[in-house]
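Me: I am new to reading protein models. Can we go through this one step by step?

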Amino acid sequence: MALVDQIRDYARTIPAEFKEKKGSGEINFVVAERKAFLSKEKLTYQAKFRVDDDAKIVKFTEILKESSSGMENAGMSFKTESFKTGKGGQLESLIEQQADQFGKKYQYQFDFKTVRGKVEALAKAAGYDFQYQVTAKGL
C-alpha cells in the first residue's frame, strides 16, 4: 500500500476531509464551530504534505485557520486569521486561546500533535524521512 493511501486511511479514522493531488495531500478537520443569529465562526486544522518517492522524504506542514462570517452590529463582515503551529507544540497554547474566543461553552479536545506524529510514524515505517516545515512554501 502506498504511503499516501496509508495517510488517507488514517485521515478517515479522525474523521477528516482528505484531498490528494499529484503526490501531495491535505487533511482538514473542523476543530470548533459556533453558530449564532446570522453569523458563523469556525476553527479548522489543516495539514499539508508532499511525498517525494525519489528522495524518500515526506515534507509536512500544519496550520490552524479561523474564519467567521455573518452579520455584526454595523452590517456584513468576513474575517480570516491563521496561526502556525510549531514543531514540538511550541505554539499549542494558541489553539486554546482561539478556542476561548468561541466562548466558555466550547469544550476543546483536539490534539494536533497526534496527526503530525501519526504521519511521521507512517513515513518512517515506510522508509521515508520526515521533514517538518513551518510554511507550505516549497511543498
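Reply: Start with one definition: buried means under 20% relative accessible area, exposed over 50%, and partly exposed in between (1.4 Å probe, protein chains only). This is a predicted model: local features need pLDDT of at least 70, side-chain atom pairs count only at pLDDT 80 or more, and totals for chains, interfaces and linings use all residues. Residues are numbered from 1 along each chain as its sequence is written, and side-chain values use heavy atoms, with hydrogens and water left out.

Me: Is Q6 buried, partly exposed or exposed?
Reply: Q6 sits in helix α1. Helices (H or I, at least four residues) and strands (E, at least two) are DSSP runs, numbered from the N terminus. The relative accessibility of Q6 is 24%, so Q6 counts as partly exposed.

Me: In what order do the elements of the chain run?
Reply: The chain has three helices and six strands. Read them from the N terminus on. The order is α-β-β-β-β-β-α-α-β.

Me: What share of the 139 residues in the chain is buried?
Reply: Use the cut-off for buried given above. Apply it to the 139 residues of the chain. The buried share is 37%.

Me: What percentage of the contacts with a separation of 6 or more joins residues 24 or more positions apart?
Reply: Contact means heavy atoms within 4.5 Å. Take the contacts in the chain with a separation of 6 or more. Residues 24 or more positions apart account for 47%.

Me: How many residues does the largest nonpolar core have?
Reply: A nonpolar core is a set of buried Ala, Val, Leu, Ile, Met, Phe, Trp, Tyr and Cys residues joined through side-chain atoms within 4.5 Å. In the largest one, the residues with the most contacts inside it are L3, I7, I27, Y45, F49, V58 and F60. The elements that give two or more residues to this core are α1 (3–13), β2 (24–36), β3, β4 (57–72), α3 (112–125) and β6 (129–132). The size of the largest core is 28 residues.

Me: Which residue of α3 does I27 touch?
Reply: Leave out residues up to four places away in sequence. I27 then touches residues including I7, A11, Y45 and F49. On the list for I27 there is also a residue that α3 uses in its contact with α1. That residue is V115.

Me: Are α1 and α3 roughly parallel or roughly antiparallel?
Reply: Two packed helices are described by the angle between their axes and the distance between the axes. Axes are lines fitted to C-alpha atoms, for helices over the stretch in contact, and angles run from 0 to 180 degrees between N-to-C directions. Here the axes come within 10 Å and cross at roughly 150°. Angles under 35 degrees count as roughly parallel, over 145 as roughly antiparallel, 65 to 115 as roughly perpendicular and the rest as oblique, so α1 and α3 are roughly antiparallel.

Me: How many nonpolar residues does the contact of α1 with α3 have?
Reply: The contact is made by L3, Q6, I7 and Y10 of α1 and T114, V115, K118, V119, L122 and A123 of α3. Ala, Val, Leu, Ile, Met, Phe, Trp, Tyr, Cys and Pro count as nonpolar, Asp, Glu, Lys and Arg as charged, and the others, Gly among them, as polar. Two residues in this contact are polar and one is charged. The nonpolar count is seven.

Me: Is R116 buried or exposed?
Reply: R116 lies in helix α3. Its C-alpha is 8.0 Å from that of F60, which is 56 residues away in sequence. Because its relative accessibility is 5%, R116 counts as buried.

Me: Is T44 buried or exposed?
Reply: T44 belongs to strand β3 (residues 39–52). Beyond four places in sequence, T44 touches N28, F29, V30, V31, I63, L64 and K65. Its relative accessible area is 16%, so T44 is buried.

Me: Where does P15 lie?
Reply: The peptide bond from I14 to P15 is cis, with omega near -5°. Now place P15 among the elements. P15 lies in the loop between α1 and β1 (17–21).

Me: Which residue other than glycine has phi near 55°?
Reply: That phi is a positive value. The residue is in the loop between β3 and β4. With a relative accessible area of 37%, it is partly exposed. It is K56.
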